[in-house]
There are 2 protein chains.
Amino acid sequence: MDKELLHTKLVREVIAMIASGKYSDGTRLPAERKLCEQFQLSRGTVRQAFYDLEKLGIVKIRAGSGAYVQKISQKKLPTHLLPPDFSKVTLTDIIYARKAIETAAITLACEKISISQLEQLEQLIEKMEQSKDNLLEFLKLDTQFHQFIIHASGNMPLVTAFEAIAEYHKYSQVFSSLYEEEVKIAIKYHKKMLLALKLRNARNAAKAIMKHLEHTEQITNMAKQKDIAV
Amino acid sequence: MDKELLHTKLVREVIAMIASGKYSDGTRLPAERKLCEQFQLSRGTVRQAFYDLEKLGIVKIRAGSGAYVQKISQKKLPTHLLPPDFSKVTLTDIIYARKAIETAAITLACEKISISQLEQLEQLIEKMEQSKDNLLEFLKLDTQFHQFIIHASGNMPLVTAFEAIAEYHKYSQVFSSLYEEEVKIAIKYHKKMLLALKLRNARNAAKAIMKHLEHTEQITNMAKQKDIAV
DNA sequence: AATATTGGTATATACAATATACCAGTTTAC
DNA sequence: GTAAACTGGTATATTGTATATACCAATATT
């Protein structure tokens, strides 16, 4: 049975943070001592994780200054830091699984979602519109929106299943470029979902999330074709 | 960040083995030294796990003889040994999630499954028929059948999602009695799935797995009503 | 009755992780 | 520009998990 080392777990966490777009190329990571508080770890453990990250070429450490995020390529990451069989997984696979889980979830959510939850979704969409030009921020909000719907389903197994595949989704984001203009279209789909949820129309809600995911697949694949650094 | 202790992991593994029906009430668990080989752990670690299991009332240890499985009740198990929010999860929730994931998987499997894989499924069904009176064995084969189909889909995210919720399913089995006569009906559904897979008829395959899961939900809920020990 | 197997106990060792303290270089604030 | 605050770099003592090994006593097996 494998022993899970804490510093290795932290390496995964940091890669996931970078993957989720929270820290992009060139950004400085939080100071070692900050991460100690954040993850409740000793500094030695955090330093070990940073050492590994530098060896992997994911960050460049400058004494007295901080750890700066470098460009990641999938080749750099050893398999034990990636989700299982990650190399065999295509974006199409991920979207297919998300469709299955998220349509099931939004159908349930149509019955169960509360008024205050609907308001929160409304606010998320507002934030999205304000972040039209900040793509990283937009992607974060998009992820939040989807997570929110899954939770609104009130079905824990679906939540667990979604989180399990979210790992793939997060990681796949690091290795592909981002799109630009399609943000507006994505917002349109989110509005459709919200409307269907308000009207408790499960059929339309499922249809909207389905089309949204298909759209996401298309534009991400297009972005990959003109991709430079991988 | 939580450190995952090896002996705690082993406790989870053993509970899962009991939950899956591999070791039932009164059975003797494998000897400490056997488990050391099986899980590649030192004896001290295995002993620590056994000590925890005895404290939890899950096994009774007899010196010089072995560790014997006791009746488990959900109350005995601390939350960190259960899947997340397990107490809030109903069988209906689990079946709902399984429907979403497994219909998606069997649809893909209809395209991708190979001849030799179909033969393996055929053999599984044969074994099921031979295990009509051995319910524990039958349940094990049923689980294998479903896992096999998920893997035949060739979609890793679906596999990951299924494994994530399988945890709930396994655990829920410990806390409910088993059914008796419905085995034949279950076999009938599995034959329908196999036939649909052979004919590459995705629609019928999905329909068969759907009905099978609905049937499973019904009989398990019935069994729960006349349940004695929980 | 003899032998093999089982859990029970003890001990030495390796190493991950914590907790502290101090240094030297960089950044920030005044 | 200088002082203060913050950053990574280094060293050390300590705790606790897990390994490896050996031997004992009770139980099962032959």
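Mentor: Let's start with the word "near": a residue is near a DNA strand if one of its heavy atoms lies within 4 Å of that strand. Keep in mind that this is a predicted model.

Trainee: Okay, how many residues surround DNA strand D, and which are closest?

Mentor: There are 23 around DNA strand D, and the closest are Arg43(A), Arg47(A), Leu6(B), Ser42(B) and Thr45(B). By class, that surface has seven nonpolar, eight polar and eight charged residues.

Trainee: What makes Leu6(B) a polar contact of DNA strand D?

Mentor: The atoms do, whatever the class of the residue. A polar contact is a pair of N or O atoms within 3.5 Å. A backbone N or O atom of Leu6(B) lies 2.2 Å from a phosphate oxygen of DNA strand D, so the pair meets that cut-off. For Glu32(A), a backbone N or O atom is 3.1 Å from a phosphate oxygen of the strand. His7(B) uses an N or O atom of its side chain, 3.0 Å from a phosphate oxygen.

Trainee: Which elements give two or more residues to the surface near DNA strand D?

Mentor: In chain A, helix H2 (32-39), helix H3 (43-55) and strand E1 (59-62); in chain B, helix H1 (6-19) and helix H3 (43-55).

Trainee: And what part of DNA strand D do the atoms within 4 Å of the protein belong to?

Mentor: For 71% of them it is sugar or phosphate, and the rest belong to bases.

Trainee: Now DNA strand C. Which residues come nearest?

Mentor: Of the 23 around DNA strand C, they are Leu6(A), Ser42(A), Thr45(A), Arg43(B) and Arg47(B). Here sugar and phosphate account for 69% of the strand's atoms that come within 4 Å of the protein.

Trainee: How do you know that Thr45(A) makes a polar contact with DNA strand C?

Mentor: An N or O atom in the side chain of Thr45(A) is 2.4 Å from a phosphate oxygen of DNA strand C, and the limit is 3.5 Å, so the pair counts. Leu6(A) gets there with a polar backbone atom, 2.3 Å from a phosphate oxygen, and His7(A) with a polar side-chain atom at 3.1 Å.

Trainee: Let's turn to the rings. How many aromatic pairs are there over all chains?

Mentor: Four, over all chains.

Trainee: Why is the pair of Phe86(A) and Tyr168(A) called stacked?

Mentor: The ring centres are 6.4 Å apart and the planes are at 15°. Pairing needs centres within 6.5 Å, and stacking needs planes under 30 degrees apart, so both tests are passed. The two residues are 82 apart in the chain: Phe86(A) is in the loop between strand E2 (66-69) and helix H4 (91-112), Tyr168(A) in helix H7 (residues 156-174).

Trainee: How do you know whether Phe86(A) is buried or exposed?

Mentor: Its relative accessibility is 7%, and buried means under 20%, so Phe86(A) is buried. Tyr168(A) is buried too, at 0%.

Trainee: What makes Phe86(A) and Tyr171(A) edge-to-face?

Mentor: The planes are 65° apart, with 6.2 Å centre to centre; over 60 degrees counts as edge-to-face, so that's the label. Phe86(A), Tyr168(A) and Tyr171(A) form one aromatic cluster.

Trainee: Last one: why is the charge of Arg62(B) said to sit over the ring of Tyr68(B)?

Mentor: The charged end of Arg62(B) is 4.4 Å from the ring centre, and the distance limit is 6 Å, so that part is met; the angle to the ring normal has its own limit. In chain A, Arg62(A) lies over the face of Tyr68(A), at 4.3 Å from the ring centre.

Terms used. Residues are numbered from 1 along each chain as its sequence is written. Chains are lettered from A and ligands numbered from 1 in the order in which they are written. This is a predicted model: local features need pLDDT of at least 70, side-chain atom pairs count only at pLDDT 80 or more; totals for chains, interfaces and linings use all residues. Side-chain values use heavy atoms; hydrogens and water are left out. Rings of Phe, Tyr and Trp (its six-membered ring) pair if their centres lie within 6.5 Å; planes under 30 degrees apart count as stacked, over 60 as edge-to-face and the rest as tilted. Helices (H or I, at least four residues) and strands (E, at least two) are DSSP runs, numbered from the N terminus. Buried means under 20% relative accessible area, exposed over 50%, partly exposed in between (1.4 Å probe, protein chains only). A charge sits over a ring if NZ of Lys or CZ of Arg is within 6 Å of the ring centre and within 35 degrees of the ring normal. A polar contact is a pair of N or O atoms within 3.5 Å; within protein, one must be able to donate a hydrogen and the other to accept it, and residues adjacent in sequence count only if both atoms are side-chain atoms. Ala, Val, Leu, Ile, Met, Phe, Trp, Tyr, Cys and Pro count as nonpolar, Asp, Glu, Lys and Arg as charged, and the others, Gly among them, as polar.
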